Amino acid sequence: MEESVVALELGTRQLEGIGAVEVYSVSQGDPLAAPLIAELALEYSSRYGGTREAMLEDLTTYPAEEFAYPQGALLVLTHDGLPIAGGAFRQFDSTTAELKRIWTSVDYRKRGLGKAVVRELEREIELRGYNRVFLTTGPRQPEAVALYLSSGYTPLYDASLSPEEVGIHPFEKQLRVLENVTRAAIPTDRVDNTRV
């Protein structure tokens, strides 16, 4: 018997140059998340050394509940049923969420999907009652640094230093405070989709 996987559809967005993109909140073990994690492992190993398998193990040994409702989420954007981008957040502290695993498929880069993922994550983060986002990225990911700067994130490092001198690049962003939001409520306009 095949195990069913539940994905929460958060809606469809129209993205210029791509068309309709569906946004799903999925579990770490969902098949929609597998390409995200596999490509991240390959990307990280090519930039920082180590094997793809070691990176994949590192990415998949995070406790899944860290990226699950109500403290966190793992979002995947699909186009024509295929995962094309995604990202996650988890609780950093009681008012702060931490972004993790921002990814765009190699076939869909340079189309604004990174910003779309960050916007979707920030929307979810606000709905969960967090008012600040924290994240880190590595010194060999200039595209990520550019994405976060262009998305309004403040660097928490000396930008006059070289990326290698900085090492891990921390960022933060303050979000609007939504009134009457609790982490126990999921908006009722969402659809629960079960895929088998």
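In this predicted model, serine 25 offers a good place to start: leaving out residues up to four places away in sequence, serine 25 touches Ala7, Leu8, Leu10, Ala73, Leu74 and Leu75. Serine 25 sits in strand 2. With a relative accessible area of 15%, serine 25 is buried, because buried means under 20% relative accessible area. The strand around it follows suit: 6 of the 8 residues of strand 2 are buried, so strand 2 is largely enclosed by the rest of the structure. Strand 2 also has a partner, strand 3, with which it pairs in the antiparallel sense over 5 bridges. Within this pairing, valine 23 stands opposite leucine 77 of strand 3.

Leucine 77 leads on to the interior of the model. The largest nonpolar core has 34 residues, and Leu77, Phe89, Leu99, Leu113, Ile125, Tyr148 and Tyr153 touch the most other members. At least two residues of this core come from each of strand 1 (5-15), strand 2 (19-26), strand 3 (73-79), strand 4 (82-93), strand 5 (96-104), helix 3 (113-127), strand 6 (132-137) and helix 4 (142-150). Helix 3 gives the most to this core, with 6 residues. There is also a second, separate core of 16 residues, which includes Tyr24, Ala41, Leu74 and Val76.

Helix 4 deserves a closer look. Its buried residues include Ala144, Val145, Leu147 and Tyr148. These residues cover an arc of only 160° around the axis, which puts them on the same side of helix 4. A simple rule helps in reading such a pattern: an α-helix has 3.6 residues a turn, so residues three or four places apart point the same way. The buried residues of helix 4 pack against strand 5, helix 3, strand 6 and strand 8 (169-174). Taking tyrosine 148 by itself, and leaving aside neighbours within four places in sequence, the contacts are with Ile102, Val118, Leu135, Thr137, Tyr153 and Phe171. After helix 4 comes glycine 152, which has a positive phi near 90°.

Tyrosine 148 appears again at the largest pocket. This pocket holds about 990 Å³ of space and is lined by 34 residues, of which Ile102, Thr137, Gln141, Ala144 and Tyr148 lie nearest its centre. Two or more lining residues are given by each of helix 1 (34-48), helix 2, strand 5, helix 3, strand 6 and helix 4. Strand 5 gives the most to this lining, with 6 residues.

A few details of the backbone complete the picture. Most residues other than glycine have a negative phi, and most peptide bonds are trans. Arginine 101, in strand 5, has a positive phi of about 60° although it is not a glycine. Lysine 110 likewise is not a glycine and has a positive phi, of about 70°; lysine 110 is found in the loop between strand 5 and helix 3. Are these two residues buried or exposed? Arginine 101 counts as buried because its relative accessibility is 4%, whereas lysine 110 counts as exposed because its relative accessibility is 82%. Finally, the peptide bond joining tyrosine 69 and proline 70 is cis, with omega about 5°. Proline 70 has its place in the loop between helix 2 (52-60) and strand 3.

Terms used:
Residues are numbered from 1 along each chain as its sequence is written. This is a predicted model: local features need pLDDT of at least 70, side-chain atom pairs count only at pLDDT 80 or more; totals for chains, interfaces and linings use all residues. Side-chain values use heavy atoms; hydrogens and water are left out. A nonpolar core is a set of buried Ala, Val, Leu, Ile, Met, Phe, Trp, Tyr and Cys residues joined through side-chain atoms within 4.5 Å. Buried means under 20% relative accessible area, exposed over 50%, partly exposed in between (1.4 Å probe, protein chains only). Helices (H or I, at least four residues) and strands (E, at least two) are DSSP runs, numbered from the N terminus. Contact means heavy atoms within 4.5 Å. The arc is that of the directions from the helix axis to the C-beta atoms. Two strands pair if DSSP finds at least two bridges between them. On a 1 Å grid over the protein atoms alone, a cavity is a set of points where a 1.4 Å probe fits but cannot get out, and a pocket is an open set with protein on both sides within 12 Å along at least five of seven lines; lining residues have an atom within 4 Å of a point. Grid points are joined across faces, edges and corners, and a volume is the space filled by probe spheres set on the points.
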